[in-house]
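Q: Could you take a close look at the small sheet in this one, then walk me outward to the rest of the fold?
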Amino acid sequence: MNRSEKKEKKKKELLLSSSSSLDNGVTSRPFLSRNHWGGSFEINGDSSAAEDDQRSREWDPAALHHHHQHHELDETQQSWLLGGSNDQRPKKSKYVDLGCVVCSRKALKPACRPPDNYTVALHKALLFFNAQKSGRLPKNNGIPWRGNSGLQDGNSTTDVKGGLVGGYYDAGDNTKFHFPMAFAMTMLSWSVIEYNHKYQAIGEYNHARDLIKWGTDYLLLTFNSSATKIDKIYSQVGGSRNGSSTPDDHYCWTRPEDMVYPRPVQVATSGPDLAGEMARGPSDNAAYSKKLVKGAATLFAFARDSGRRTPYSRGNPYIDPYYNSTGYFDEYMWGRGVASYISLATNPGIPKNSKAFKMIPDLSVLSWDNKLPAAMLLLTRLRVFLNPGYPYEDMLSMYQNVTGLTMCSYLHQFNVFNWTKGGMIELNHGQPQPLQYVANAAFLASLYVDYMNATGVPGWTCGPNFISSDTLRSFATSQINYILGANPLNMSYVVGFGSKYPKHVHHRGASIPNDHVVYSCTGGWKWRDTRNNNPNTINGAMVAGPDRFDRFKDVRGNYSYTEPTMAGNAGLVAALVSLTESGGRSIDKNTIFTAVPPLYPVNPPPPPPWKP
């Protein structure tokens with residue numbers, strides 16, 4: 001037998017061995033015999049009875065319980081499950097984003113291309129956070145019309161050395177609302193952990209981390225982070241009462257650098273919602289993360305204190321009209337900071353009290369007030385990638401099924417939400433300021449697709465319908481494209497992106513010239529009311545957005561159209577980084593779980609040696 005014949009014989013033996021292993025138990029292993037994405041892999045089942053059963057369970061809470069069907073997988077289905085390690089799949093080229101061009105790493109085959117629109121918009125969207133900084137600014141802040149401000153914030157607090165200096169102004173006013181600020185930091189952190197390779201590819205990794213640290217450093221000042229038990233959290237700095245006619249953050253039109261009016265500090269002695277949100281915000285820096293985790297444990301203990309279960313905003317006229325919290329059980333599911341987090345999140349009382357399984361459309365909309373869809377998506381992630389099994393499996397599978405139904409609800413074909421004629425989903429029932437909800441939904445949808453792609457699953461089921469992951473990705477891109485200018489007005493709602501964008505943004509700092517003149521509380525009104533363009537361009541700010549008829553008024557005095565917010569821009573950043581192809585289309589599967597404690601009982605010690 002010659003050498004070539006020996007090679008051929010060896011190949012045949014390997015093929016026979018592989019076939020034998022598939023026939024002798026591989027397909028009976030849990031990963032291959034069950035679809036963790038819910039439902040059967042069969043797109044068109046032959047059984048009419050099965051089809052009727054699927055229809056009867058469409059949008060039915062009973063469908064939350066996964067029907068465990070163990071059956072042999074055909075060759076195509078096995079290829080879906082095993083696709084992540086299939087050598088026959090085409091390998092994507094790796095590119096390095098140099099800002100203006102993206103070049104192949106293969107020196108002998110240069111393939112340069114400009115960065116995609118999502119990368120361009122992402123660079124700008126991150127700059128918005130630089131423009132919102134309060135406190136003593138670093139020299140490299142990069143916003144020439146901004147300076148130090150709020151240096152006297154919280155100087156009346158005797159227990160905070162140096163006061164409550166730092167953090168971010170929430171929107172076009174000069175108020176520091178800690179609840180949406182914490183949510184914004186969480187969203188930025190989440191996006192950095194999932195897509196750190198993309199941030200690095202476009203040169204924004206350190207920038208994004210600095211923005212997060214600026215926020216978390218400040219939030220650590222708002223409670224005694226060195227203690228294990230606390231009795232209060234500072235919940236806001238500045239603000240105003242509705243209809244106020246005395247100098248405050250709303251009555252005055254003043255650059256933050258020129259504030260001289262009183263800036264009261266709000267204190268929450270109860271607030272499971274605020275504490276639960278602040279307990280989020282992971283970090284990928286080990287030393288700093290340890291500090292955050294300690295603070296998070298303290299906050300979560302405050303949040304879980306049975307004597308402090310009143311929402312932080314209740315009855316407070318400085319908070320309730322602006323960032324009223326409608327509940328806190330979503331923060332329990334969303335929060336972290338204790339080793340028993342997964343036990344709490346899978347406790348039946350949490351989804352019951354948060355109405356997670358009620359399939360209420362409004363609860364599938366991620367916002368600073370409702371974290372349910374994001375929390376359930378993260379729990380889906382935990383199930384898919386860690387597969388913790390008993391005793392968590394039943395509850396995690398229900399969270400995953402609800403997450404799938406949430407994604408179904410975003411698709412136009414199921415008519416769960418109204419859509420504008422121009423193609424924008426109306427997640428807030430056609431009310432003003434829609435874009436923050438649109439951006440959040442686009443991020444969740446895009447991330448869900450990446451989870452499916454990371455496990456080689458081509459889609460999921462909505463009732464009897466198989467939906468490909470490409471369909472969901474198309475939803476995400478269509479909504480972000482709408483924000484970036486693919487709308488009836490051809491208007492980019494991100495300032496500085498494209499050739500047509502809002503020029504009269506409702507923002508005090510951007511609308512008042514940086515001419516070294518201090519304008520009084522009412523002296524700044526002329527800059528609020530002028531029809532001239534803003535003298536300062538607040539690059540990357542996503543404004544509130546159009547109305548339900550796709551109409552938009554670029555009027556500074558109408559905040560319902562032209563005011564940007566921290567929470568809105570954080571969702572935009574997350575969506576943009578998930579969609580950009582700079583750095584490749586993938587997620588970091590492991591980093592987010594590095595601090596998860598062991599999910600299984602520790603093996604007991606061996607028994608002592610037997611003695612006769």
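A: Start with Lys176: its bridge partner in E4 is Val237. Keep in mind that this is a predicted model. The pairing between E3 and strand E4 (residues 233-237) is antiparallel and runs over two bridges. Zoom out a bit and you get an open sheet of three strands, ordered E3-E4-E5, with antiparallel pairing. Strand E3 (176-177) and strand E5 (265-268) sit at the edges with a single partner strand each, so one side of each has no neighbour in the sheet.

Now for the cores. The largest nonpolar core takes in 150 residues, and Trp190, Trp460, Leu472, Ile480 and Ile483 are the ones with the most contacts inside it. Helix H17 (residues 435-454) supplies the largest share of this core, at 14 residues. Ile483 is a nice one to click on: setting aside neighbours within four places in sequence, Ile483 is in contact with Leu435, Val438 and Ala439, with Met491, Ser492, Tyr493 and Val494, and also with Met542 and Leu572. There's a second, separate core too, made of five residues, among them Tyr169, Cys252, Met259 and Tyr261.

One last stop is helix H5 (residues 117-131). With 15 residues, H5 covers 22 Å from its first C-alpha to its last, close to the 21 Å you'd expect at 1.5 Å a residue. Plenty to look at on the inside here: the buried residues of H5 include Tyr118, Thr119, Ala121, Leu122, Ala125 and Leu126, and towards the end of the helix Phe128, Phe129, Asn130 and Ala131 are buried as well.

Terms used. Residues are numbered from 1 along each chain as its sequence is written. This is a predicted model: local features need pLDDT of at least 70, side-chain atom pairs count only at pLDDT 80 or more; totals for chains, interfaces and linings use all residues. Side-chain values use heavy atoms; hydrogens and water are left out. Two strands pair if DSSP finds at least two bridges between them. Helices (H or I, at least four residues) and strands (E, at least two) are DSSP runs, numbered from the N terminus. The expected span of a helix is 1.5 Å times one less than its number of residues. Buried means under 20% relative accessible area, exposed over 50%, partly exposed in between (1.4 Å probe, protein chains only). A nonpolar core is a set of buried Ala, Val, Leu, Ile, Met, Phe, Trp, Tyr and Cys residues joined through side-chain atoms within 4.5 Å. Contact means heavy atoms within 4.5 Å.
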